[in-house]
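Grab a pencil and open the model next to the text. The exercises below can be worked through in any order.

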Amino acid sequence: MRTPVSIVCVYNDPAVLESCLEASVKAGPDASRQTEVIPVDNVSGDFASAGAALNHGARMARNEVVVFVHQDVYLHSLPALEAAAATLLADPAIGVLGAVGVSHRGEVIGAMRDRVVPLGRSTSIPVDVDSLDEVLFMVTRSQVLREPLSESPDLAWHAYAVEYCLRMRASGRRAAAVDIPLTHNSMTTNLARLDVAHRSVGHTYAGLAPVRTTCGIVGGEHGATSWPVRRARGARRFLGESVRARRVTRSLRRVSRPARGQVVLADIRLLVDDVARLAGSSSIRVVDPSRDGTVGEAEGLERNGIPFSAATLRWPGVVAAVAATAPGELLLVSGLRSEEIAPLAATTTAPYVVGLARDTGLWLLVGVEPAVLASLWSRPRNRAFFVG
């Protein structure tokens, strides 16, 4: 079942809005003809908070489900979005439903692509979460008119979805996440006043703390983030990544010379633009293997003026993409499993780099000499322990 939605987005960069959100809606002819996009212009800073801008858009909505989305989101499936809206309408116990959330155990729920890597556990049915990410969440129009998003200056542009989730949970309603396939083509990470927003939300909903979010833990963390604890956690993470890197390195050496099979420890989400710059690439292509048979593609995106595309493909398509990497093209294969790396690397004669991080998994970068990128992972933390 599907229901038309009103997609509300506050934007400050018309080019980003046009190339991401609006382009994806125009490319999806299988959406209901009643589904609409309501862009809220904040180029001049007329709205002091995301809540104020999004509430303004919600008041203009014609449909009973209002979807709040970031300007740099590319929606891969409008039917999936409309199906999620139908689920929301069918279950009055759900107060807010989103694409990505964090469970009370700290697990990311809901599959999405964050810049260049897939994240989150896939789920076709709503799963209860502590909070939802602001990247995409939905409510009924009647509810949001009655209970609008917070316009508190303490929240401003952060944690407004987190606050709404906690408000729903405090009133006995559910905050839940479900798969709504999307690529978040984020160019920046805005952390200004995030701590202020978290403190405000933690104080207001102290009875629900600690609350897991995609930007950390809200409330209940006093004494748990002392320097010795953080250092111990960092050491455990480094050792865990090193053990995995050692296994991958050994498997690569069976199919390539050691220099091409070196594994670095790095979060490629934060480095992909520097990679493209150093490599002098004319384009960035990202693919990841489909784990449930569904496929999707986002074309026509940009990152710092470089054409960028992203696709979820079945395994033969991933192999073909690696084998066909053209000169000057930068191909990143993310979301890989350890046993997939070596046979995949063996399909190309192009230079490559392999990397991993606990939060973003294993990746293969094809089309650039490792030495060209050496400065990006030159710190001791980027070199696995006990890999020889």
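What follows is a set of exercises on a predicted model, each with a worked solution.

**Exercise 1. Find out what surrounds Glu134, and whether this side chain is buried or exposed.**

Step 1: Locate the residue. Glu134 sits in the loop between strand E11 (131–132) and strand E12 (136–140).

Step 2: Check its burial and look for a partner of opposite charge. Glu134 is buried and has no salt bridge. The nearest side chain of opposite charge belongs to Arg167, 11 Å away. The cut-off for a salt bridge is 4 Å.

Step 3: Look for polar partners instead. A polar atom of the Glu134 side chain is 3.4 Å from the backbone nitrogen of Ala159. The side chain also reaches the backbone nitrogen of Val162, at 3.3 Å.

Step 4: List the neighbours. Leaving aside residues up to four places away in sequence, Glu134 touches Phe68, His70, Ala159, Tyr160, Ala161 and Val162.

**Exercise 2. Now take Ala161: which residues does Ala161 touch, not counting those up to four places away in sequence?**

Step 1: Place the residue. Ala161 belongs to helix H5 (residues 160–170).

Step 2: Decide on burial. Buried means under 20% relative accessible area. Ala161 has 1%, so Ala161 counts as buried.

Step 3: Name the contacts. With that sequence limit, Ala161 touches Leu132, Asp133, Glu134 and Phe137.

Step 4: Compare sequence and space. Ala161 and Asp133 are 28 residues apart along the chain, while their C-alpha atoms are separated by 6.4 Å.

**Exercise 3. Work out which residues of helix H8 (residues 272–279) are buried, and what they pack against.**

Step 1: Pick out the buried residues. In H8 they are Val272, Asp273, Val275 and Ala276.

Step 2: Look down the helix axis. The buried residues of H8 fall within an arc of 160°, so they line one face of the helix.

Step 3: See what that face meets. The buried residues of H8 pack against several strands, including strand E18 (283–289), strand E20 (306–313) and strand E23 (361–366).

Step 4: Step off the end. Gly280 follows H8, and its phi is positive, near 65°.

**Exercise 4. Hunt for unusual backbone angles: what is phi of Arg193, and what is phi of Asn304?**

Step 1: Know what to expect. Most residues other than glycine have a negative phi, and most peptide bonds are trans.

Step 2: Try Arg193. Its phi is positive, near 65°. Arg193 lies in the loop between strand E14 (182–184) and H6 and is partly exposed, at 46% relative accessibility.

Step 3: Try Asn304. Here phi is near 55°, again a positive value in a residue other than glycine. Asn304 is in the loop between E19 and E20 and counts as exposed, at 60% relative accessibility.

Step 4: Check the peptide bonds too. The one from Ala209 to Pro210 is cis, with omega near 0°. Pro210 is in the loop between helix H6 (194–204) and strand E15 (211–213).

**Exercise 5. Lay out the open sheet that contains E6: in what order do its strands come?**

Step 1: Write down the order. The three strands run E7-E6-E11, with antiparallel pairing.

Step 2: Mark the edges. Strand E7 (108–109) and E11 each pair on one side only, which makes them the edge strands.

Step 3: Zoom in on one pair. Two bridges join strand E6 (residues 101–102) to E7, and Gly101 stands opposite Ile109 in E7.

**Exercise 6. Count the salt bridges in the whole structure, then follow two that link distant parts of the chain.**

Step 1: Get the total. A search of the whole structure turns up 22 salt bridges.

Step 2: Take Asp91 and Arg174, whose side chains meet at 3.2 Å, N to O. Asp91 lies in the loop between helix H3 (78–90) and strand E5 (94–98) and Arg174 in strand E13 (residues 174–177), so this pair ties together parts 83 residues apart in sequence.

Step 3: Move to Glu241 and Arg381, with their closest N and O atoms 2.8 Å apart. Glu241 lies in helix H7 (residues 227–252) and Arg381 in the segment after E23, so the parts tied together are 140 residues apart in sequence.

Step 4: Compare their burial. Glu241 is buried, with a relative accessible area of 5%, whereas Arg381 is partly exposed, at 28%.

Step 5: Widen the view. Salt bridges that share partners join Arg237, Glu241, Arg358, Asp359 and Arg381 into one network.

Note on methods:
Residues are numbered from 1 along each chain as its sequence is written. This is a predicted model: local features need pLDDT of at least 70, side-chain atom pairs count only at pLDDT 80 or more; totals for chains, interfaces and linings use all residues. Side-chain values use heavy atoms; hydrogens and water are left out. Helices (H or I, at least four residues) and strands (E, at least two) are DSSP runs, numbered from the N terminus. Buried means under 20% relative accessible area, exposed over 50%, partly exposed in between (1.4 Å probe, protein chains only). Lys and Arg count as positive and Asp and Glu as negative; His and the chain ends are not counted. A polar contact is a pair of N or O atoms within 3.5 Å; within protein, one must be able to donate a hydrogen and the other to accept it, and residues adjacent in sequence count only if both atoms are side-chain atoms. Contact means heavy atoms within 4.5 Å. The arc is that of the directions from the helix axis to the C-beta atoms. Two strands pair if DSSP finds at least two bridges between them.
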